[in-house]
There are 2 protein chains.
Amino acid sequence: MARLKTHDEALRLRLINRAAATVFDRGTAALSLRRLAADVKTSTTAVYSLFGNKAGLLDSLYREAARLFVARLATVNSTDDPAADVIRLGEAYREYALANPHLYAIMFADRTVEYEPTPERKSEVGDTIAPLVDAVVRGQAAGQFKSGQPEVIALSCWGAAHGLVSLELSGNEPPGLDIADCYEATLRAVVTGWRRD
Amino acid sequence: MARLKTHDEALRLRLINRAAATVFDRGTAALSLRRLAADVKTSTTAVYSLFGNKAGLLDSLYREAARLFVARLATVNSTDDPAADVIRLGEAYREYALANPHLYAIMFADRTVEYEPTPERKSEVGDTIAPLVDAVVRGQAAGQFKSGQPEVIALSCWGAAHGLVSLELSGNEPPGLDIADCYEATLRAVVTGWRRD
DNA sequence: GAGCGATTAATAACGGTGTTACTGTTGGCG
DNA sequence: CGCCAACAGTAACACCGTTATTAATCGCTC
């Protein structure tokens, strides 16, 4: 019929990996499709036939980032002290963010013209913090947390973690404080605040 | 000596205002120096002689955003219930962010190659939350909060507020929740968590 | 086996960006 | 009056994402 396809899955993976490496240490703004194509020794056409456009490429990176994120949170296993599990999930959350700042940013921060997550991606975000919601539900069953919508308590913890991590990543933390200590103390404060009276 | 200066303070203000309007409703990425100059009916040279480059322009916008932010927080006056003051500061914080999402982003989120705040800007950020630190100090004096570094407690509250606001602005909030309620409940939980036992 | 047609991929072009070099204008002073 | 220095606008440069065009390559038919 026609010539052999070289814009295949293998090339797709090479592009994803190379793009992830660039985004990982310099952010989405520093990712150039022309440079990316040149680095992988193909043409820009490949990016467009495989991903549609730059947003499509970033969307694939988003999925990859989410996969790593979920995997990291999954390493925190449940115990019979759900409140403590929440704290440990928070620690894992911060560790992932600090280790992969730009991948973390793709998921939660970088809202530019270049990339706005599709609605389906956004709905997936809820799933990524499923372990947290689960811990809250177990904590409620164990009488460690107030009753009510577990998503509300989970969002509280998530927000606190995300906020402090964001401030840390953007360099907005006030100087002279031990950030790790503040982070843990905040998680504990939130958990304590949601305790059953 | 030479021809009359037209790249003066008045032009600077017109550029700032026009740029702020664009960033306000479309973000820093949508700000083009060429368009900006054309809108104000001058040349790109004006932007470079007045601000140095795009980062310099954004730095000026940062200062303007911070000024508005400080002014908004200043409308929350202190009462004899510092813990309640913290909650109300948090509400003001969210109101500002929702009303000026892109200006808020310049201060706390948009870390792109285009603009990284100078060290002096970052040190100013600490000052902007001075009212919060003040409320915490008063709360400690009134026995409402645990003793210790007030900055730690303030950072806790700030982080929680920033985190939830960020999630809300980026559209990452789980559906089916009343965000305003969650926000207030979280602030209360953090404040409760830092209560003196 | 040669030629054709379809499918694929690289190249070139378009309109945009930030930035800088250049050119021309404009004013005060000798 | 003419010069010269300060100034502002224009054009150029090197990029960017994207798209249209062109070239190359394979399978099938004759």
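Start by selecting chains A and B together and colouring them separately: 36 residues of chain B are in contact with 37 residues of chain A. Keep in mind that you're looking at a predicted model.

**Stop 1: the seam between the chains**

Show the surface of both chains. Together they bury about 3,000 Å², and 71% of that area comes from carbon and sulfur atoms. Now pick out L155(B), L167(B) and N172(B) as sticks. On the chain B side, these supply 19% of the area buried against chain A, more than any other three residues.

Hunting for charge pairs across the seam? The rule finds zero salt bridges between chain B and chain A. Polar contacts do turn up: the count is two residue pairs, both at pLDDT 80 or more.

**Stop 2: the helices behind that seam**

Switch to cartoon and stay on chain B. Which helices each give at least two residues to the side that touches chain A? Select these four in turn:

- helix 6, residues 101-108
- helix 7, residues 119-128
- helix 9, residues 150-169
- helix 10, residues 179-193

Linger on helix 9 of chain B, since the largest share of this side, twelve residues, comes from there. Then colour the touching side of chain B by residue class: you should get 19 nonpolar, 13 polar and four charged residues.

**Stop 3: over to the DNA**

Next, select DNA strand C and show what lies around it. You'll find 23 surrounding residues, and the closest are T6(A), H7(A), S43(A), T45(A) and R34(B). Look at which part of the strand faces the protein: sugar and phosphate make up 59% of the strand C atoms that come within 4 Å of it.

Zoom in on the phosphates and turn on backbone atoms, because three spots are worth a distance label.

- At T6(A), a backbone N or O atom sits 2.4 Å from a phosphate oxygen of DNA strand C.
- At H7(A), a polar backbone atom is 2.6 Å from a phosphate oxygen of the strand.
- Over on chain B, a backbone N or O atom of L31(B) lies 3.1 Å from a phosphate oxygen of strand C.

Go back to cartoon for the elements near the strand. Helix 2 (33-39) and helix 3 (44-51) of chain B are the ones that give two or more residues to this surface. Of the elements here, helix 2 of chain B has the largest share, with three residues.

**Last stop: colour by class again**

How many nonpolar, polar and charged residues does the surface near DNA strand C have? Colour it and count: eight are nonpolar, eight polar and seven charged.

Conventions:
Residues are numbered from 1 along each chain as its sequence is written. Chains are lettered from A and ligands numbered from 1 in the order in which they are written. This is a predicted model: local features need pLDDT of at least 70, side-chain atom pairs count only at pLDDT 80 or more; totals for chains, interfaces and linings use all residues. Side-chain values use heavy atoms; hydrogens and water are left out. Contact means heavy atoms within 4.5 Å. Buried area is the accessible area (1.4 Å probe) that two parts lose on being put together, summed over both. A salt bridge is a side-chain nitrogen of Lys or Arg within 4 Å of a carboxyl oxygen of Asp or Glu. A polar contact is a pair of N or O atoms within 3.5 Å; within protein, one must be able to donate a hydrogen and the other to accept it, and residues adjacent in sequence count only if both atoms are side-chain atoms. Helices (H or I, at least four residues) and strands (E, at least two) are DSSP runs, numbered from the N terminus. Ala, Val, Leu, Ile, Met, Phe, Trp, Tyr, Cys and Pro count as nonpolar, Asp, Glu, Lys and Arg as charged, and the others, Gly among them, as polar. A residue is near a molecule or strand if one of its heavy atoms lies within 4 Å of it.
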